Amino acid sequence: MAQPAALPTRYDFATAEPRWQQEWAARGCFRVADAPAGGQPKYYVLEMFPYPSGRIHMGHVRNYTLGDVVARYKRARGFAVLHPMGWDAFGLPAENAARERGIHPARWTWDNIATMRGELQRMGLSIEWEREFATCDPAYYGHQQKLFLDFLRAGLVERREAWVNWDPVDGTVLANEQVIDGRGWRSGALVEKKRLAQWSFKITRFAPDLLEALGQLPRWPERVRLMQEKWIGRSEGARVRFALAEAVGEIADLEVYTTRPDTLFGMSFLALAPEHPLAAALSARDPKAAAFIAECRRMGTSEALIETAPKQGFDTGLRVRHPFREDATFPVWIANFVLMDYGTGAIFGCPAHDQRDLDFARKYGLPVTPVVLPPGAEKADFVIADQAYDGPGVVINSGFLDGLSEAAAKDAAIAELARRGRGEGVVNWRLRDWGVSRQRYWGCPIPIIHCQACGVVPVPEADLPVKLPEDVSFEKPGNPLDHHPTWKHVVCPTCGRPARRETDTFDTFVDSSWYFARFCSPGAARPVDRAAADHWLPVDQYIGGIEHAILHLLYARFFTRAMRATGHLGIAEPFAGLFTQGMVTHESYKSAAGAWLYPSEVEKLPEGGARHRETGEAVIVGRIEAMSKSRRNTVDPGAIIARFGADTARWFILSDNPPERDMEWTEAGVQGAWRFIQRLDRLVEAIAAGTADAPMPGAFSASARALRQASHRAVAAVTEALENFAFNVAVARVHELANALAEAETAAGMAGGDDLAWARREAAFLLCRLIAPMMPHLAETLHEKLAPEAAALIAEQPWPVAEPALLAREQVTIAVQVLGKLRGTVTLPPGSREDAVAAAARAEPNIAKALAGARVVKQIFVPDRIINFVIAR
RNA sequence: GCGAGAGUGGCGGAAUGGUAGACGCACGCGACUCAAAAUCGCGCGCCGCAAGGCAUGGGGGUUCGAGUCCCCCCUCUCGCACCA
C-alpha cells in the first residue's frame, strides 16, 4: 500500500511519547495502594475491559481516551485514582480461531493480549499496569469458582432446564449470532430448539431491589436506567385459571398471566407457547400438533426473531371455560408468538385491545369483541378495524364490569376471580433467571462433580481452581471438554466412587461481572480483599459502550448483591457513575466489482469521489457506518499512532463530537488535530524563547489584562467542560486560549512590555495543565520547554484554579426584543437595573422605530440577558 | 415486533426556556514564496440590491419568548437474554 507523504514536523512525538511514558512509569505516577491509610479521597476510574480479539480498534481508543482524561483530571484534582486494566479473555472467537486455523485458544488469546497491551501502552494511558490480569488465568477464574460455590450454598444458584439452539449436524449448541436464517452458520443445518439442564443464577430474587435501586443511581444516564427498568419489567396483573372443557391427562386447568383482566369479556381464544407442557402433551397424540410445534422449534431462541416472524397458529380443538361466563367456551390454540419465558407461557387473546391478538384473530377469522370504549366514542358506532385500542375508557359488553373505568374493572375482575377461586392479583416480572452454562471449552469450568450415588457435588474448595486441560482437540464437533479422554473422569469427593466432572463452562458475562472488584486487590488469596474493596468500591466512573446498557450492567449489579450476600463485598451497587460512549464510524468503500475496500486502499479526490490508490479504479463511496471488519471500513489505531502520535489520535477523538454520540473517523479530522499540536508547539516555543521567569508585575496593560482574562476564563470553562464530560467543548475552549495567545504574540511583536511577557508565560503554563488530561505527552514537552529546571512533571501537578477577579465581566450585551423578536442589543455594565436597561434600549434608533406609535403593555426583563417589550397598537 | 435514544449551516458541533450557529473542519479571497507545502490575515446558514424575511428532521401546541417543554409523524442508532 502506498505510503502517505511525510508530514512536516516540529514537535517530535516519536521521541517524546515513549520518553514520557517511561518517565511516568519510572516515577510510579499512577500507582496506588490496595488499602491506603491516608486521608486522600479516592476515585476509581474504570473503562470496560477489552476482549483480546487481536488488535485494538478505534472503539477501544475512544473508550480508553475518555477514561484516561477522567483519570488524569481527577488525579490533578487531588484524588488518589485507581485506574486499572485487564482482559475479558474467555470467549467464542478463540475457539473459532482454533477450529479454523488450528491455533490453541490459550496461545491465540495470550498472543493477542501481548499485542494489545503494547498498543494500549503506546496510547500513553495513565494505567497502573501492575494490576493487570486476564480472566482466562486460573489465578482469576479459580476465585470465580469459589464465588459460584458460595452462591450455590447461599441458594442463589439452581439447576433447571432451558432451551438452546441445537445444530444437529455439528452436534453443538449455537449462540444466537451463529444462527443465520434458521440455519447453523458452519453446517448450514436447520437449527432446532433443544432442552438442556443448565446452571442458573437466581437474579430474579433481586428483581425488586434491582429495580428500586435504579432510583439511587443519579450519575447513570437516564436512558440506561429506563432501559433496565423496562427490562426488569415489573407489572401488576392477574393469574387466571381457565378450566379445560376436557382434561388432557392430568392437565385440567390452564394458567394465564394477564395485565388486562378488565378485558376478560373480550376474550376470543387462548394461546399456548409451543414449548408449553400442554402443547407437548398434545403433540404426543396429535401428529399435526407435533408438526406445528416442530415448525416453531426451527425458529431458534431469539426473541427478536420470534416476535417479527409472521404469526402462525394451530387450533388444538380443545376448549376452555370462561371464568365469568358459565355458558361460554373458547378455543385453545398454539401460537408461535407466545413466549414460554414470560408469565405462564399462555395468554388469553383479546383482539380488540391487543395488537398482536388482533393480527392473529384477523388471520384465523376469530371474533373481535370491543370491551373498552375510548373517551368520547359511542358504543353504537365503535368498531375495531385494523388497530387495537389499548388506551383508557369505560368497560362495555362485560356483564358485571359494565360502566366501570378500565382501571376499576381490573380490581373488580381480580376480586371476582378470587371469589370464584379462578385466579388472583399478582405482580409479574419480565426479568428471567440467568442461565450460565455453556457447552464450550474456552471458559471458566463450573466446579461441580456429578456422582451417580451422591448427585450434584460441589468441588471441594481445596481442589480449586478446576483448571482447563490444555491438550484438547477441536477436530470433533461438540464440546472438547466433553470428549477429552481423561479430564472429566474423577472420583466423587463425597463417596470416592467414579464420577463425572461438569463439562460446561460459564457464560463469559460471569467473568466480567466482578472483575472491577478483583482490581482492588488483584493478588489477594481470596476473590477480593475486603479492606481493599471497602476502600475503592464502588467504581466512581465506569465508561463503556451503550451496547452493554442492559445485560452486562445488570449482571454486574446482580453479582455485587450476591457477593454482598456471601460476605465478599459490603455494597450493592458496583458503579456509582456511568458514562456510555457512542461508536466510531467511517465511510465504507466498494470497488466497481462490489468488493469492500479498506480506507487505506482508497484515495479521496479533491473534486469529490474516490479512486483506488494503486489501480486508479473508481471507488464507490458508501454509507458512514460503525467500523466493522466485514465492511472493511476500519482504520488501524496502531498505524495512526505510528504516523501521528498518540496525542493526535486522542485529541481528534475528543474534539470531534460529544462522546455519547457516534463519531466519524476522518483523515481530515486527524490532520486538523495534528496541525493544532504543531501550532501549540510553535506558540509555546516562542514564549519559552522570548520571555523569562519574572515576578508578577504590579499593573497590566489592556492587552496583557485581556490575555489574563482569556487564560483564567479558559481554566474555568475547561474545568466545567471536563466535569460534564463535554470534552469537545473543552477542546473548543483550549482553541480559544490558543487564539488569544496568538493574538498576544502579535501584540508582543509590536509593543510588548514585561507585563505582557508575564501574562504570556502565565497563559502558557496554564495551557500545559489544561491540555494535560487530553494530550499528556505534549503537555510534558511544552512544560519542559517553559521550565527546563522544574522537578515535577505536569502529571504530578495540581489542577489550576481561576482567579475570580479575572472572570468578572466589565460589560454585558443585553438583547432587546419587541414582541419576542430581536430588534437590537445594548451594552451596559453587569447588574444594570431594569429601568436603566429600558431607557438605553428605547434610545436605540431601531428599537425606537419598532416602538413608535405603540403602547407597551408588558415588559419582560431578565438581568444581564434580555429585555422584551410586549406592545399593542 | 417490543423497549430505549438521536436528528441544528457543506460537515462535526455550541447554546441555565432568553441575541441560534461558540470552536473546529471544508471552502473562497488575500499575504508570504520563483513555485508548492506549511504558516498568517479576512470572509463564510439560506433568500434578498437593500430594508428585511426564513431557518434547529416534518406537522401541531404551551409561552412575552421554544433547538430546549408537550402531542403526532418520519428517518437513523442501540438492545432483545448463548457475540463481547
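Which phosphate oxygen distance links RNA strand B to an N or O atom in the side chain of asparagine 739? In this predicted model, the distance is 3.2 Å.

## The surface near RNA strand B

The protein has 69 residues around RNA strand B, and those that come nearest are Asp88, Asn176, Arg440, Asp656 and Asn868. By class, the surface near the strand holds 26 nonpolar, 20 polar and 23 charged residues. Helix α21, which covers residues 727–751, gives the most to this surface, with seven residues.

On the RNA side, the atoms of strand B within 4 Å of the protein can be divided by the part of the nucleotide to which they belong. Sugar or phosphate accounts for 65% of these atoms, and bases account for the rest. Individual atom pairs illustrate each of these parts. The table lists three side chains, with the distance from an N or O atom of each to an atom of RNA strand B.

| Side chain | Atom of RNA strand B | Distance |
|---|---|---|
| Aspartate 88 | Sugar or linking oxygen | 2.8 Å |
| Asparagine 739 | Phosphate oxygen | 3.2 Å |
| Glutamine 198 | Base nitrogen | 3.4 Å |

Aspartate 88 thus appears in the table with a sugar or linking oxygen, and Asp88 is also one of the residues that come nearest to the strand.

## Two pairs of packed helices

Two packed helices are described by the angle between their axes and the distance between the axes. Two pairs in this protein may be described in this way.

The first pair consists of helix α22 (residues 754–771) and helix α23 (residues 776–786), which pack at an angle of about 155 degrees with their axes 8 Å apart. Because angles over 145 degrees count as roughly antiparallel, α22 and α23 are roughly antiparallel to each other. The crossing of α22 past α23 is left-handed. From α22, the residues Arg761, Ala764, Phe765, Cys768 and Ile771 take part, and they meet Pro776, Leu778, Ala779, Leu782, His783 and Leu786 of α23. This contact comprises nine nonpolar residues, one polar residue and one charged residue.

The second pair is formed by helix α2 (residues 58–76) and helix α18 (residues 646–656), whose axes come within 10 Å and cross at roughly 90 degrees. Because angles from 65 to 115 degrees count as roughly perpendicular, α2 and α18 are roughly perpendicular to each other. Helix α2 contributes Val61, Arg62, Thr65, Leu66, Asp68, Val69 and Arg72 to the contact, while α18 contributes Arg650, Ile653 and Leu654. By class, the residues of this contact are five nonpolar, one polar and four charged.

## Backbone features in loops

Most residues other than glycine have a negative phi, and most peptide bonds are trans. Several places in the chain depart from this pattern.

Leucine 464 and proline 465 are joined by a cis peptide bond, with omega about -5 degrees. Proline 465 lies in the loop between β20 (455–458) and β21 (489–491). A cis peptide bond also joins leucine 537 to proline 538, with omega about 0 degrees. Proline 538 is located in the loop between α15 (530–536) and β24 (541–545).

Asparagine 397 has a positive phi, near 55 degrees, although the residue is other than glycine. Asparagine 397 is placed in the loop between β15 (394–395) and α12 (406–420).

Conventions. Residues are numbered from 1 along each chain as its sequence is written. Chains are lettered from A and ligands numbered from 1 in the order in which they are written. This is a predicted model: local features need pLDDT of at least 70, side-chain atom pairs count only at pLDDT 80 or more; totals for chains, interfaces and linings use all residues. Side-chain values use heavy atoms; hydrogens and water are left out. Axes are lines fitted to C-alpha atoms, for helices over the stretch in contact, and angles run from 0 to 180 degrees between N-to-C directions. Helices (H or I, at least four residues) and strands (E, at least two) are DSSP runs, numbered from the N terminus. Angles under 35 degrees count as roughly parallel, over 145 as roughly antiparallel, 65 to 115 as roughly perpendicular and the rest as oblique. A crossing is left-handed if the near helix is turned anticlockwise from the far one by less than a right angle, and right-handed if clockwise. Contact means heavy atoms within 4.5 Å. Ala, Val, Leu, Ile, Met, Phe, Trp, Tyr, Cys and Pro count as nonpolar, Asp, Glu, Lys and Arg as charged, and the others, Gly among them, as polar. A residue is near a molecule or strand if one of its heavy atoms lies within 4 Å of it. A polar contact is a pair of N or O atoms within 3.5 Å; within protein, one must be able to donate a hydrogen and the other to accept it, and residues adjacent in sequence count only if both atoms are side-chain atoms.
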